[in-house]
Each structure stands twice: as C-alpha cells, then as structure tokens.
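Work through the exercises below with the sequence and the 3D view open. Each task is followed by a solution in steps.

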Amino acid sequence: MQTNFQLSRRGLLAGLAVLAARPVWALPSNPDVVVIGAGAAGIGAALELTKRGLSCVVVEADSRIGGRAYTDTTTFGIPFDIGCAWIHAADRNPFYKYAQDDGYKLHFHDLNLTSLYYGQRRSDARGLKREHEAEETIRKNSERIAKRRDTAVTAAVPQWTPPFEAAATYLGPMDMGVDLSDLSTTDYARSADLDPNYLVYEGYGTLVAKVGESVPVKLSTPVRTIRWGEGKGVRVETDAGTIEARAAIVTVSTGVLAAGSIRFDPVLPEWKETAIGEVPMGLLAKIPMLIPGDRFGIKPFENVLIETPGRQEIYFLAWPWESDLMVGFVGGEFGWQLSAAGEDAAIDFAKQRLAQTFGSDAPKRVTKALFTKWASNPLTRGAYAACLPGHYVEREKLGRPLAERVFFAGEALAGPLIQTAGGAFLSGEETATKVAAQLAGPRAKAA
Ligand SMILES: Cc1cc2nc3c(=O)[nH]c(=O)nc-3n(C[C@H](O)[C@H](O)[C@H](O)COP(=O)(O)OP(=O)(O)OC[C@H]3O[C@@H](n4cnc5c(N)ncnc54)[C@H](O)[C@@H]3O)c2cc1C
C-alpha cells in the first residue's frame with residue numbers, strides 16, 4: 001500500500017500560515033464571556049457579543065480558527081475543503097452574504113444525484129428519476145411518522161428495492177452522516193431542506209477564517225476544566241492559565257463533550273450527560289483523488305453515487321471547478337469502519353470502486369489522494385451530530401444552560417440548520433444574544 005501525502009507537515013504549514021496572518025490581540029484576562037472553541041459557532045458568538053458591547057475571549061485548542069471549516073490550499077493545487085464545502089441554505093446563511101460581499105467565487109450546485117451506478121451498471125434517466133422519487137417518499141414518510149412517534153428513519157422506507165437502497169444511502173450516510181437505522185425520524189423531519197447550495201472556490205474554510213479574523217482568540221490553548229459551581233461566574237482553566245468570566249459559551253462538538261475532554265466542576269448533571277450521549281457524532285469522510293486526463297464521461301460538478309450491496313457505498317463530487325479532482329465521500333457506519341482501517345485502506349477502497357465502475361486502468365491514473373481524519377481527530381471525534389431514534393427530546397436538553405452561566409452553542413444546536421456551518425454560526429449568535437440578556441439582568445430582559 002502506498003501513502004501519497006504527509007498530513008502532519010501540511011497541517012503544520014497551514015497552521016503556521018494562519019498564525020502568521022493573525023493580529024496579536026491584547027486579550028482581557030477577566031472578560032464578560034469566555035467562548036470555548038473558535039469554529040463557526042464560536043466566531044458567531046464572539047462577533048455578536050462584541051457587537052453588544054460585551055468583552056470576550058475565545059479559547060481554541062487548535063493552532064488555527066475555523067474548527068470543522070478548514071481549507072487545505074497546498075495538496076492539490078486547488079483549494080480543497082477538508083471539512084465543510086457547501087454553503088447550505090444560502091438564503092438564510094450569513095456566510096453566503098459574507099462571501100458575496102467579499103467577492104468570493106461561488107458556484108450554485110444542485111445536490112440531486114446526476115449519475116447513479118448499481119455496481120458497474122449505470123442507471124438510465126428513468127432509474128435516476130425513481131431514486132429521486134424514493135428520496136421524496138422517505139422524506140414525506142418521515143414527516144408523517146414524526147407526527148405520531150419518534151423512531152428510526154428505516155420505518156419510512158416502504159421497500160428495499162434498488163432506488164430506495166440508493167436513496168437511503170444518499171440521505172443517510174452521505175448527508176446526515178449516519179445510517180437511517182441510527183437516525184431519529186423527528187430529527188430528520190425537523191431538519192431543513194438545505195437548498196440553495198453553493199460551493200466556494202477559495203474554500204469554505206478560508207471564508208470562515210476570514211469572517212473570524214477580528215475575533216479575540218487564544219490559539220493552541222485547550223480548555224481543561226470549567227468550574228461553574230462557586231460564586232457568580234465561571235473559572236475556565238487552561239494550560240496557559242485561568243480565565244474568570246461572568247459566563248461561558250461552550251461550542252465544542254458532542255463528541256468532545258462525550259469523551260470528557262473538558263472536565264466540569266461540579267460534574268455535569270445526569271440529564272445533560274444523557275442528552276450528550278443521545279445526540280452522538282455521525283461521520284462523513286472524504287477521499288479526494290487527483291486523476292488527470294479522461295473524465296469517464298462524467299461532467300464537472302456531477303453528483304455520482306455508486307451503490308453496492310453490503311453497505312459499502314461511495315459518493316463522488318466530480319471534477320469541481322473543472323479540476324482533476326474526484327472527491328469521494330463515505331459515511332455512517334461504513335465511514336467509521338474505513339476510518340478505523342486507516343488512510344491506505346480508505347484510498348484503496350476508493351480506487352477499487354473506480355476500477356469496478358470505470359475500468360481497471362482508472363486507479364492507475366490517481367496521482368494523489370488523501371483521507372480526512374475527522375473520526376480520530378480529538379477536537380471533533382466525528383463529523384457532525386445526529387439524534388438517535390426515539391431520543392429527539394434530548395436535543396433541547398443539550399442546549400439548556402447550567403446555572404444561567406454555562407451556555408451551549410454549535411451545529412448540534414442549530415435548529416433546522418443542524419449539522420451545518422451556517423447553522424452553527426447562527427446558533428453562536430443566538431446564544432450570545434441570550435447571554436447578553438442574562439448578563440444585563442432582569443430589567444433588560446423585561447424591556
Ligand atoms: C467532512 C465534513 C463535511 C462537512 N460538510 C459540510 C458542508 O458541506 N456544509 C456545511 O454547512 N457543513 C458541513 N459540515 C459540518 C460543519 O463543518 C460543522 O457543522 C461546523 O463547522 C461546526 O461548527 P461548530 O462551531 O459547531 O464546531 P467546530 O467547528 O467543531 O468548533 C468547535 C471548536 O472547539 C475546539 N475545541 C475542541 N476541544 C476544545 C477544548 N478542550 N478547548 C478549546 N477548544 C476546543 C475545536 O478545535 C473547534 O475549533 C461538514 C463537516 C465535516 C466534518
């Protein structure tokens with residue numbers, strides 16, 4: 001097996017570039033609010049707090065801001081998003097407005113499947129239409145079921161014929177990051193249709209980092225302990241010292257919370273622990289491959305799904321921006337398995353699918369590839385959260401503050417825009433607004 005890249009070196013260089021570009025802030029040691037995590041939610045929260053005249057410090061464990069929004073600009077000769085790539089729900093997503101105002105190159109991208117393969121057999125237009133109809137049926141059935149009970153979305157699949165198998169793959173692992181058997185019907189029914197979608201040439205990660213440029217942040221500073229039981233405010237302990245603040249906004253993923261990477265003192269109440277456990281991280285992992293030359297009869301920006309028996313599917317975003325990249329995606333249970341097997345195994349798997357579908361010469365033409373490592377990244381522990389069947393009520397508890405001084409925000413708390421960067425940003429803004437009201441006291445709340 002062959003390793004085609006050096007993630008650690010690239011990650012280090014990218015981190016250094018961001019560090020070098022950031023202004024050095026005089027950070028208040030006792031701000032009104034301390035925000036934990038400088039992803040989209042932390043950035044949204046910090047900008048809103050500042051707008052409202054509150055002082056804040058964002059504490060970030062990584063050496064860069066952006067969290068799951070991160071663009072690699074060196075490996076493929078074209079910006080490549082390791083994390084989020086589509087500006088979903090652009091009509092409601094603040095990042096779309098930022099991108100337009102700053103002149104980013106945007107491409108409207110319809111996410112409907114355009115090429116569907118059952119193994120080697122390419123489905124014709126009728127087969128494709130049947131898959132689209134199957135997606136619609138699953139969606140509508142989920143909404144209908146959700147009115148009566150909360151169960152697994154598999155209950156919304158009327159039959160396991162090939163179009164429904166493909167639709168279940170595309171809606172489950174490739175979109176929600178979980179198999180339909182692990183997804184609550186209520187969670188699914190309440191998540192918004194994410195149209196319209198845009199891709200950003202410069203990278204969504206680049207855009208998020210730019211939006212967060214003015215945020216006062218302490219990088220490379222993991223938060224170890226949040227003390228919230230004494231006095232009035234919070235004490236947030238890091239290796240670089242303790243920050244005292246009137247309130248904290250925690251934006252780390254449910255994966256990080258579940259792993260206990262941050263200690264709470266007093267410990268989290270049982271209802272909060274339960275909520276964290278019932279909204280676990282799903283997985284979406286990417287296997288971009290550089291394949292110069294012939295395009296297998298597939299046009300740039302096509303959405304290609306290769307459906308195979310045994311739940312080992314792969315989706316490709318084909319040749320974005322007319323580049324030589326075929327961006328493979330795996331998700332759900334199979335995504336976790338492949339992540340455990342490691343990068344070489346993942347790239348081999350993607351090459352096998354190329355060979356089966358486009359001919360045995362196809363993998364030989366791959367000149368570079370990588371596998372994203374969100375599953376093992378200790379700062380995320382997955383891609384994004386999805387609610388387990390029967391446990392939708394836990395979403396609300398996940399967002400409930402502790403003692404009116406520890407607040408929560410992030411993609412898992414983004415209402416209809418769960419799992420998205422735009423939703424995370426809005427959740428940060430909304431939580432900051434609540435914190436500001438809280439800190440202003442009862443008079444301001446009543447006004
Ligand atoms: C492969 C993949 C593809 C995706 N595709 C899309 C897409 O196309 N469009 C879309 O909208 N969304 C997409 N998403 C989801 C999107 O990236 C996330 O929903 C969003 O970025 C989450 O933002 P957040 O602020 O809630 O969390 P995060 O970005 O995870 O921010 C939390 C921050 O907390 C930091 N942190 C963790 N532990 C500590 C600690 N102890 N102390 C201090 N800091 C800590 C982390 O380093 C991180 O920076 C994708 C995600 C993945 C992984």
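## Exercise 1: Two residues with positive phi

At 45% relative accessibility, Ala403 counts as partly exposed. The model used here, and in every exercise, is a predicted one.

Task: Which class of exposure does Glu322 belong to, and in which loops do Glu322 and Ala403 lie?

Solution.
- Step 1. The exposed class begins over 50% and the buried class lies under 20%. Ala403, at 45%, falls in between, so Ala403 is partly exposed.
- Step 2. Glu322 has a relative accessible area of 55%, and therefore counts as exposed.
- Step 3. Ala403 sits in the loop that runs between α12 (393-399) and β23 (406-408). Its phi is near 50 degrees, a positive value in a residue other than glycine.
- Step 4. Glu322 belongs to the loop between β19 (314-318) and β20 (325-331). Here phi is near 60 degrees, again positive in a residue other than glycine.

## Exercise 2: Cis peptide bonds

Task: Find where the cis bond before Pro196 and the cis bond before Pro266 are placed.

Solution.
- Step 1. Asp195 and Pro196 are joined by a cis peptide bond with omega near -10 degrees. Pro196 is part of the loop between α6 (185-190) and β9 (198-200).
- Step 2. Between Asp265 and Pro266 the peptide bond is cis, with omega about 0 degrees. The loop that holds Pro266 connects β15 (263-265) and α9.

## Exercise 3: Glu278 and its contacts

Task: Is Glu278 buried or exposed, and which residues does Glu278 touch?

Solution.
- Step 1. Glu278 is located in helix α9 (residues 270-278).
- Step 2. Its relative accessible area is 17%; this is under 20%, so Glu278 is buried.
- Step 3. Leaving out residues up to four places away in sequence, Glu278 touches Ala386, Cys387, Leu388, His391 and Glu394.
- Step 4. Pro389 is 111 residues from Glu278 in sequence, while their C-alpha atoms are 8.8 Å apart in space.

## Exercise 4: Helix α11

Task: Compare the span of α11 with the expected value, and list its buried residues.

Solution.
- Step 1. Helix α11 covers residues 343-358, which is 16 residues. From first C-alpha to last it reaches 22 Å, close to the 22 Å expected at 1.5 Å a residue.
- Step 2. Buried in α11 are Glu343, Ala346, Ile347, Phe349, Ala350, Lys351, Arg353, Leu354, Thr357 and Phe358.
- Step 3. To read that list, recall that an α-helix has 3.6 residues a turn, so residues three or four places apart point the same way.
- Step 4. After α11 comes Gly359, with a positive phi near 110 degrees.

## Exercise 5: The ligand shell

Task: How many residues surround the ligand, and how much of its accessible area does the protein cover?

Solution.
- Step 1. The ligand is surrounded by 37 residues, the closest being Ala41, Glu60, Arg68, Trp86 and Val223.
- Step 2. By kind, the shell divides into 23 nonpolar, 10 polar and four charged residues.
- Step 3. A polar side-chain atom of Glu60 is 2.6 Å from an oxygen atom of the ligand. For Ala41, a polar backbone atom is 2.9 Å from a ligand oxygen. In Ala421, a backbone N or O atom lies 2.9 Å from an oxygen atom of the ligand.
- Step 4. On its own the ligand has 1000 Å² of accessible area, and the protein covers 98% of that.
- Step 5. Elements giving two or more residues to the shell are α2 (40-51), β17 (284-290) and α13 (421-440).

Key
Residues numbered from 1 in each chain as written. Predicted model: local features only at pLDDT ≥ 70, side-chain atom pairs only at ≥ 80, totals over all residues. Heavy atoms only, no water. Near = heavy atom within 4 Å. Polar contact = N/O pair within 3.5 Å; in protein donor to acceptor, adjacent residues only side chain to side chain. Areas by Shrake-Rupley, 256 points an atom, 1.4 Å probe, with all protein chains shown as cover. Helix = DSSP H or I, 4+ residues; strand = E, 2+ residues; numbered from the N terminus. Nonpolar A, V, L, I, M, F, W, Y, C, P; charged D, E, K, R; others polar. Expected span 1.5 Å × (residues − 1). Buried < 20%, exposed > 50% of the residue type's maximum accessible area, 1.4 Å probe, protein only. Contact = heavy atoms within 4.5 Å.
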